[in-house]
Amino acid sequence: MRRSPLVLAAVLSVSAIATSVSGADTTTTTSTSSTTTTTTTTTTTTVVHRRVAALTGLPDPTAVTKRRSALTIKMDNTPQAHPQYGVNEADVVYEEIVEGGITRLAAIFNSNLPTKVGPVRSVRRTDREIVFPIGGIFAFSGGAQYAITSIETAPVALIDQSNAGAAMFRDPTRPPPHNLFANAVLLMKEGGKVHTPPALFSYLPRKAPPVGAPAGSFTVNFGSGFATSYQWDTQTHDWLRSIFGAPDVTATGVRVAPTNVIVMSVKYYGGVGVEGSYAQMVGSGPVEIFSDGRLQKGKWFRRNIRLKTAYRSASGKVIVLRPGQTWVELLATGETVSVYAHS
């Protein structure tokens, strides 16, 4: 039967609609004197973006670190402060020289939030240099006015014992001033708007081979009895930390053992161990980086206080770390690191 033009148009229209609804994978048939069938298939490629924590380079499948600020807690590091709480759970720890040549810690938390961290101590001028690139929250226990004025210029929310509420508390089993502790979970809630921290370091791919000269152990020769030693553990692939001539073990019985240790040689303006002095972390200087049981030497660079520090080898290549916790030792110019190829 011969179809009218109107019927033929309707049939063609229905056929076009059916082809459109079928999706990306379609089959088209063309009729000639001999029947030929041509099939076209669209392939979809899925790109997987691996979620990692900015301050450790470790996997973060739930992206929890993207929903938190960096939380820096100033910690006591005298013999009376040991054993400490929570330092093993920090993403990054800076060790700085303060008055009298003793050292204090600035422990940065983002991946983990321990409910007891400390002892918490006072702010110093070097802390502004440390926290400026990451912002977030800075928790401390007061300080001299010049140090407080300095940290007030940094892009951080300041929390001390005067406004922390339940986020800071005293441990009656310890003598003051070594008995103030912080709850990182509560401090994070007090920090206001979230400022996700940037990555401070570059990291090796998981299966990349180690780089550098073998180093079984080394000692960072801080003066005034605060030298710290690290020994490579071939089982855990971490650096076992010791201080005051003994293993550095937390109050919960965990050995402090970072994956990476960066030793920056810095000038302390005002003099090493002098009250009011601070580590100059803008500029450049020698650096020794310990990772994978090896040592890489190079230079650190930082153009201004808002930028993170860059670490490069003698040939100018970026020095990369193994994902994990990193300690940064702010060693004064003229002080040394003793390195031993075999522990």
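This section describes the overall make-up of the chain, its aromatic pairs, two lysine–ring arrangements and the surroundings of one aspartate.

The model is predicted. The chain holds four helices and 23 strands. It has 343 residues, and 48% of them count as buried. Contacts were also sorted by sequence separation. Of those with a separation of 6 or more, 62% are between residues 24 or more positions apart. The exposed surface of the chain comes to about 16,800 Å². Carbon and sulfur atoms supply 56% of that surface.

Aromatic rings were examined next. A pair of aromatic rings is described by the distance of the centres and the angle of the planes. The search of the whole structure finds eleven aromatic pairs. One of them joins Phe-218 and Tyr-230. Their ring centres lie 5.1 Å apart, with 20° between the planes. The pair counts as stacked because planes under 30 degrees apart fall in that class. Phe-218 belongs to strand β12, which covers residues 217-220. Tyr-230 belongs to strand β13, residues 228-233. The two residues are twelve apart in sequence, and their pairing links distant parts of the chain. Both Phe-218 and Tyr-230 are buried. They also belong to one aromatic cluster, together with Trp-232, Trp-239 and Phe-290.

Two lysines lie over tyrosine rings. The charged end of Lys-116 sits over the ring of Tyr-85, at 4.1 Å from the ring centre. Lys-267 lies over the face of Tyr-269, and here the distance to the ring centre is 4.6 Å.

Asp-76 was considered in its local setting. This residue is found in the loop between β3 (71-75) and β4 (92-97). Is Asp-76 buried or exposed? Its relative accessible area is 0%, so Asp-76 is buried. The cut-off for this class is under 20%.

The side chain of Asp-76 makes polar contacts with other side chains. One is with the side chain of Thr-78, at 3.0 Å. Another joins the side chains of Asp-76 and Arg-121, with a distance of 3.0 Å. Arg-121 also appears among the residues that Asp-76 touches, when residues up to four places away in sequence are not counted. The others in that set are Ala-81, Gln-84, Arg-104, Pro-119 and His-178. Asp-76 is thus a buried loop residue with polar contacts to Thr-78 and Arg-121.

Note on methods
Residues are numbered from 1 along each chain as its sequence is written. This is a predicted model: local features need pLDDT of at least 70, side-chain atom pairs count only at pLDDT 80 or more; totals for chains, interfaces and linings use all residues. Side-chain values use heavy atoms; hydrogens and water are left out. Buried means under 20% relative accessible area, exposed over 50%, partly exposed in between (1.4 Å probe, protein chains only). Contact means heavy atoms within 4.5 Å. Accessible areas come from the Shrake-Rupley method with a 1.4 Å probe; for residues, only the protein chains shown count as cover. Rings of Phe, Tyr and Trp (its six-membered ring) pair if their centres lie within 6.5 Å; planes under 30 degrees apart count as stacked, over 60 as edge-to-face and the rest as tilted. A charge sits over a ring if NZ of Lys or CZ of Arg is within 6 Å of the ring centre and within 35 degrees of the ring normal. A polar contact is a pair of N or O atoms within 3.5 Å; within protein, one must be able to donate a hydrogen and the other to accept it, and residues adjacent in sequence count only if both atoms are side-chain atoms.
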